[in-house]
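User: Please give a close account of the largest pocket in this model, and set it in the context of the surrounding fold. By class, which residues make up its lining?

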Amino acid sequence: MTSDLQGQASRFAQELTDILNGTITQHVRMRAALRPRSSAGAVFTVGHGLTKNNLTQPQPFPLSINLKKPRAWMNLSFQVRMDSEDRYLTVHSSYCGIFIDPELKVCLCHWDYERDKDRYPSAHVQVYGTSPALDALNEGDDRKRPLEKLHIPVGGKRFRPCIEDVIEFLVTERLAEGREGWGKRLEESRNQYRRRQLLAAMRRSPDVVEEYLREREQNGE
């Protein structure tokens, strides 16, 4: 099934390339690279800057659509494999960090997802900064947690943010410049993502689908 995985992973990488270069970047190329074999089976890394000598560490890229100095950089990475039925591509983990420098030393925030995470919410966002409220809550607590150590849940496995949501955030908050027509391009891509998520949810919950169809039939729809 590795060939099926490679094909689907490559298509996913191309979709990411298209939506990024169609909205907030230029000359970014997302690629899919087969990771060394592990207990998890065949897994592909999807990211920018992958080569035959670098199969596992995607490189950051500037958020810029022209020759202007970028205000921010993105570090984007996905680990993908086939689902339990060996039919559909599934994301095992993902990371999307927003930084102000290509060395990734100063972070604004990052979105993380890890399937079947135990200790923290599987999908969460971590924000860097200071919080007087958190400082007050930390008083008298043995764990002096900085803001960036809080794992804020964002929708779980099925309803977590997608790259289109991140792009919309960056443009609307004026952290990156969007190309002309970026909103329409974004909505089309996001609709495709949500449709895939809905189909996956339906496959995993056929009883819910049957219940919905029964209700429609009873209501004469």
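Analyst: **The largest pocket and its surroundings**

By class, 23 nonpolar, 8 polar and 16 charged residues form the lining of the largest pocket. In this count Ala, Val, Leu, Ile, Met, Phe, Trp, Tyr, Cys and Pro are nonpolar, Asp, Glu, Lys and Arg are charged, and the others, Gly among them, are polar. The model is a predicted one, in which local features need pLDDT of at least 70 and side-chain atom pairs count only at pLDDT 80 or more, while totals for chains, interfaces and linings use all residues. Residues are numbered from 1 along each chain as its sequence is written, and side-chain values use heavy atoms, with hydrogens and water left out.

The volume of this pocket is about 1200 Å³. A pocket is sought on a 1 Å grid over the protein atoms alone, as an open set of points where a 1.4 Å probe fits, with protein on both sides within 12 Å along at least five of seven lines; lining residues have an atom within 4 Å of a point. Grid points are joined across faces, edges and corners, and the volume is the space filled by probe spheres set on the points. Among the 47 lining residues, F12, V91, Y193, R196 and Q197 are the closest to the centre of the pocket.

Several elements share in this lining. At least two residues each come from α1, β4, β5, β6, β7, α3 (156-159), α4 and α5 (182-204). The helix α5 makes the greatest contribution, with 11 residues. Helices (H or I, at least four residues) and strands (E, at least two) are DSSP runs numbered from the N terminus.

The wider fold comprises 6 helices and 8 strands. Starting at the N terminus, their order is α-β-β-β-β-β-β-β-α-β-α-α-α-α. The C-alpha trace spans about 55 × 50 × 45 Å along its principal axes. Of the 221 residues, 39% are buried, where buried means under 20% relative accessible area, exposed over 50%, and partly exposed in between (1.4 Å probe, protein chains only). Among contacts (heavy atoms within 4.5 Å) with a separation of 6 or more, 49% join residues 24 or more positions apart.

Elements that line the pocket also take part in the largest nonpolar core. Such a core is a set of buried Ala, Val, Leu, Ile, Met, Phe, Trp, Tyr and Cys residues joined through side-chain atoms within 4.5 Å. The core has 38 residues, and M30, V46, M74, L76, I98 and I163 have the most contacts inside it. Two or more core residues are given by each of α1 (2-21), β1 (30-34), β2 (44-48), β4 (73-82), β5 (89-99), β6 (107-114), β7 (123-127) and α4 (163-172). The most come from α1, with 7 residues. In general, nonpolar side chains of soluble globular proteins tend to be buried together.

I98 illustrates the packing: apart from residues up to four places away in sequence, I98 touches A72, W73, M74, V106, C107, L108, C109, W111, V166 and L170. V166 and L170 are also among the buried residues of α4, together with I163, E164, I167 and V171. Viewed down the helix axis, the buried residues of α4 fall within an arc of 160°, so they line one face of the helix; the arc is that of the directions from the axis to the C-beta atoms. After α4 comes R174, with a positive phi near 60°.

Strand β4 also holds N75, which is buried because its relative accessible area is 12%. With sequence neighbours up to four places away left aside, N75 touches P58, Q59, P60, Y95, C96, G97, F99 and L104. Its C-alpha atom lies 7.6 Å from that of Y95, 20 residues apart along the chain.

The loop between β5 and β6 contains D101, a buried residue with a relative accessible area of 11%. Under the same sequence exclusion, D101 touches W73 and V106. Two further loops contain residues other than glycine with positive phi. H27, between α1 and β1, has phi near 65° and is exposed at 70% relative accessibility. D116, between β6 and β7, has phi near 60° and is exposed at 64%.
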